[in-house]
Amino acid sequence: MSDVVEKTLTALPGLFESQTGAAKITNRLRQLIKSITELTSKHEEENLIKRELSAIKEQVSSPNTTMKQMREIMVRAMYCEMLGYDASFTYIHAIKLAQQGGVLEKRVGYLAVSLFLNEGHELLLLLVNTVLKDLQSTNLIEVCMALTVVAQVFPKDMIPAVLPLVEDKLSHPKEIIRRKAVLALYKFYLIAPNQVQHIHAKFCKALSDKDPGVMASSLHIYLQLIRESPDSYKDLTGSFVTILKQVLGGKLPVDFNYHSVPAPWLQIQLLRILSLLGKEDQSTSELMYEVLDESLRRAEMNHNITYAILYECVKAVYTIHPKAELLEKAARCIGNFVLSPKINLKYLGLKALTYVVQHDAKLALQHQMTIIECLDHSDFTIKRETLELLFRITNAQNVTVIVEKMLDFLRSCNDEHTIIHLIGKVAELAEKFAPDNSWFIQTMNDVFSIGGDLLQQDVPNNFLRLLAEGSESKEEDDQLRLYAVESYLTVLKGHTSHLPQCFLQVMSWVLGEYAHLQESVDRREVIRLLTQLLDQRSVSSETRVWILSALTKIPEGQTDLILDLAESLSSSQDTVLRQQAQELRHLSQDSQLREWVLPRGAPWDGIEVDSSLSFLDGFVSEALAAGAAPYKPPHQRQEELCEDRALNLEPYSFSLPVSLSSCSITDRQSPTLLSVSSGLSGNSAELSQKAGSSTLILEGVKRVWGKDGYLPQKEATAPPVDEPSAAVQPASQQEAAERIEPRPEPSTQNQDKQQLASSLFVGLGVGSSVSLLGKSEAPPPRFRKKPRPHESSSSSGTSKRSSDSSSHSSRNTTDSFLYGSFPEEEPATSISTFDHTPKSTTANGLSQNKDTKEDRHANTSQILGGDMVIVRPSTIQDKHPPSVSSDLTALLPADLKDLPHSDVISLTSDPSLSLSSCRLFRDEALLLVIFISNCTETVIKDVAVQLTCEELKTASLRGNVMDCLEARSTSVCHYALLMDDPHTNVSLTGTVSYQTQPGHTNTLPFSGTLSTADFIRPLVVTTEEYGKLWLSLSHDVKQNLKLLTDAGDPLRTTLNALKDALQLHVVDIIGSEGIVACRLLSGAPCLLHCRVNGAALAMWLRSPHPALPDFILYHCQRALAHH
Amino acid sequence: MIKAILIFNNHGKPRLSKFYEHYTEDTEQQIIRETFHLVSKRDENICNFLEGGLLIGGSENKLIYRHYATLYFVFCVDSSESELGILDLIQVFVETLDKCFENVCELDLIFHMDKVHNILAEMVMGGMVLETNMSEIITQAEAHNKMEKSESEEQVSVGFLASALDRKQRRCIVSV
């Protein structure tokens, strides 16, 4: 007894403390913030936060901290992170909080996770299970939180795990959940499009949801989809128009009104979608003229948001196929925008003008005075937008004025981003419309000195290329070059210390190449000017290299000067400079060598570079023969150094299946280093040759995993964000405005503006505007670049486009195929034993398809208001118990009997007919056999089966029409189905029509699903063939799967389970690794390489088809989960 | 798509930052600083749009901001968002905050950072506008608040402490 009392007493202080502790902690945040607000310097803040963080660290690791206290701590940690201090030690606790806490703790935990972690963070994997659990929770708030976090941060690889659950949420009774699920799926679509391909139909359902909120969120998806391929969604135009009409007509609940405008954001979205759909498509555009007109008419109230709608409307009107009446109204709207005293509207007006001048340059003419005023506006953004507009209307006549305006603006501008953006445009204009050489060179001088080192590298590159390659006439080229040389000599004679490096490089290159054109200038003078630059401290070492190469090209006979220079540089600390000085000395002494190395006036295209340095082969072999060590690339040298010094602590890299015994040599290298050596040196190639023919050569194998985990692929990484060298220090606006143009006297001001206007808008008048409409008809650019043999970027662009278009066209063909009659139908039915009536069938088929098409329209257009109930046939899944006796398989045609087949499942039935189906796996297709049984005692007539599936192609069909079906008998019809692109699940729908009494047609709908698994066939290859194929493929996908551990040999058991479920071919099993191959029907192969990795099966898939591995992986996961 | 939502006060102190794209910690801080520099030097009576600075992303993105008494609300969006639409979205956001906190002020944002984030999550999800209907957002937010209230009565009125902290700073940021 006394024991118990004692224990209670000892526990008391703890209890007490934890209670007061909670109160203390709630105050902590307040204290923290209070002390922060009282601080005066950044330094003090730093100290305070550091103290705070260490206090947090102590608390989170203390076992006495309750969940509730943790919540408080997390908020404090978020605050510290927001101020920019690292609190990464709390991340794991945030995840814990989300995992273990109650609803309130979960909320803070999830919030912290979404603020702290990014999609690629490894800790996120720990969250997957929590999310899964919460998605299945009965508590709506938990489901909401899980959906939010899924849409915010979720690892791409883990999407398949939650996808089915999120999909289910699309039919959740609560709107808010459906809405969030739609957005979560959209997010999935953005990061991993091929994984959500199969749910496009469900998006369509979301669009026709009875809750306008759900419909509105599905528009996000449609906007994206339509932007990617407008042609595929033309048939939805009608629906979108109807929705917009209903919104405009005030059919939405009043809740959706904002400042008495019905659902403005929804309207904006819809207008964008419509403009994408109607672009360059007259017939589609015609559908929307009326609603656009109504939109323009209705949006006349004076609130901000109505202008937003108007602006979208105007853009839409100018994007779609033009209609004069609408254009006129839209132009008036733009006028209102531009003339508005409200500055935001003016901005939008200018933007609209910028957009519109491409179609109608006259509109800019109407507003020329306003544009001129905007040019002097005190607002930086307005001025910039005005220049953007002027850029669009530039032609050969007004180029000088406009470029001058732009340069003036740039001189007073301090924002780096703006400078980079605009200076490129100036360069572009100068190149395109330059009236004469001197203006061009002068403008480019300004571009280089203003843009300086911010310039994008292609501006100087383009300029130099233009000078070097020249145009058709050599005389003109030389004149341009001559002018450049003269101009640069003048520049160099002045103050050079402030000139940007990039300008100096351009000048030295030009002087080096073309100084000889200028007879009157003393060579010594040129050399002196360039040497002078070398002495300046502000000149970077890169520029020095440029200058030295220029000097190498100039001299003939000026050996004394050059030798002096080479002498002075030979003691330079920069090895590159020293080497160049060395070369310079040699070349200046040996004129013959000079002539050979630097031929004067040689054509540019003729220079060939031997990048493999083959001319050194002799030298290398001699050296090798003399006993020199073979060359090793740097990474290998480093590797060996490491090996020499210490134990190799790096894990062995992922070894490939074929050469389990022999690839150890290459395998010793860490994967990270291997990935560096994409072009493997001869040395390692030699090694692999020694290892024998069965060795896998790792050359060109893409490494996805390295020692730090996932190695980001080049194409996936975003270009690094440039760090600004210094903080932007902009001058005040007024100052800028004053500098841009000296203000003339008020009386003459207006006159000046008129003059400016006439010079700016010259060439846009009614007479000449015809020829200037559209840039394509502008006068040919003065400087025409020669086409380059390797325009890699553009060619890849076009190839991508062409592949895009091909995919479109293939889609189109399938669509038209599905919506038309089945071409294969007639020959197939003619073979069949049944009598048939082709005409009626085709007609029937057509009307059927029309029905489904109209159905789709109806679904989407009746969203709002209407109470129509959509009747959907119940889908029949595999899991339904096969109620049909399996002796139906005996009815299979003789030629099909031997094929492997699935169980017979019942599709649907009614009092007179019952339908069941069976899948037969043929190598090149999936045969879907449908058994039609007459359950009555009477004869059923005119039985016709109609099957639709958008994702699949029907190769042939047999027996889908029969005149009569005897009582209690069964007839068989079968379809051969092909799958070109993998889909996770494919839904089939169809109908059977029949007559029990003459003239009285019954229809019986049925549906079912097929999975990719039905289309996978084993690929029988040998281990060697597998190895070769593996190397020829890219598109890696890797994932860990569950390992079936219940039997003696887990790998074999797992692979056999997969083989049974998916018809894979197990090529070989060696030790803890196994290789498996399969293909999609007789099409794309997919190779799987499995390795036992602890309790999991690491699977690595490769296939020429980018999406196929994802689907196979998905089915493997499912197969193993069901096992 | 919305790339980031930033709230800072007249001195550039961040009050809320939410990024819908991944940036490193340092970049995020730089973005906040750069955005503050860009926005704070602008007059009151010029337009509310700004082409993005260097960091947040070239010519594609733009900043749309509103200035209330002591706070700047800045949305960084790409070209697929309507400028005026976002401008009104900011207004909706602020009005919602005002209703949830009853005369919202800068201090509310500091003390209830988690609540503000949760309200925001009801409006914008993963960079997409989820809800623009104010009453709906408030309903969702209040469902959470009720839960919180029922859980703890010990919470001292924050308003009291806050006003004790600095009365001058407590200025309403909206006057609706």
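These legends describe close-up views of a predicted model.

**View 1. An edge-to-face tryptophan pair in chain A, Trp1030(A) with Trp1100(A).** The whole structure holds 21 aromatic pairs over all chains. In this one, the ring centres of Trp1030(A) and Trp1100(A) are 5.3 Å apart. Their planes meet at 85°, so the pair counts as edge-to-face; the cut-off for that class is over 60 degrees. The two residues come from distant parts of the chain, 70 residues apart. Trp1030(A) belongs to helix H43 (residues 1023–1032) of chain A. Trp1100(A) belongs to strand E19 (residues 1096–1102) of chain A. Both Trp1030(A) and Trp1100(A) are buried.

**View 2. A phenylalanine pair in chain B, Phe8(B) with Phe36(B).** This aromatic pair is edge-to-face. The centres of Phe8(B) and Phe36(B) lie 5.5 Å from each other, with 90° between the planes. Phe8(B) sits in strand E1 (residues 2–9) of chain B, and Phe36(B) in helix H1 (residues 25–40) of chain B. The pair therefore ties together parts that are 28 residues apart in sequence. Phe8(B) and Phe36(B) are both buried.

**View 3. An aromatic cluster in chain A.** Five names make up one cluster: Phe440(A), Phe448(A), Phe463(A), Tyr488(A) and Phe503(A).

**View 4. Lysines over aromatic rings in chain A, at Phe89(A) and at Tyr355(A).** Lys57(A) places its charged end over the ring of Phe89(A). The distance to the centre of that ring is 5.0 Å. At the second site, Lys315(A) lies over the face of Tyr355(A). Here the distance to the ring centre is 5.2 Å.

**View 5. The second largest cavity, with about 240 Å³ of space.** A search of the whole structure finds 15 cavities of 30 Å³ or more. The second largest is lined by 20 residues. Closest to its centre are Arg107(A), Met145(A) and Thr148(A) from chain A, with Asn118(B) and Ala121(B) from chain B.

**View 6. Helices and residue types around the second largest cavity.** Three elements each give two or more residues to the lining. They are helix H5 (103–116) and helix H7 (140–152) of chain A, and helix H5 (113–123) of chain B. H7(A) gives the most, with 6 residues. By type, the lining has 10 nonpolar, 6 polar and 4 charged residues.

Conventions: Residues are numbered from 1 along each chain as its sequence is written. Chains are lettered from A and ligands numbered from 1 in the order in which they are written. This is a predicted model: local features need pLDDT of at least 70, side-chain atom pairs count only at pLDDT 80 or more; totals for chains, interfaces and linings use all residues. Side-chain values use heavy atoms; hydrogens and water are left out. Rings of Phe, Tyr and Trp (its six-membered ring) pair if their centres lie within 6.5 Å; planes under 30 degrees apart count as stacked, over 60 as edge-to-face and the rest as tilted. Helices (H or I, at least four residues) and strands (E, at least two) are DSSP runs, numbered from the N terminus. Buried means under 20% relative accessible area, exposed over 50%, partly exposed in between (1.4 Å probe, protein chains only). A charge sits over a ring if NZ of Lys or CZ of Arg is within 6 Å of the ring centre and within 35 degrees of the ring normal. On a 1 Å grid over the protein atoms alone, a cavity is a set of points where a 1.4 Å probe fits but cannot get out, and a pocket is an open set with protein on both sides within 12 Å along at least five of seven lines; lining residues have an atom within 4 Å of a point. Grid points are joined across faces, edges and corners, and a volume is the space filled by probe spheres set on the points. Ala, Val, Leu, Ile, Met, Phe, Trp, Tyr, Cys and Pro count as nonpolar, Asp, Glu, Lys and Arg as charged, and the others, Gly among them, as polar.
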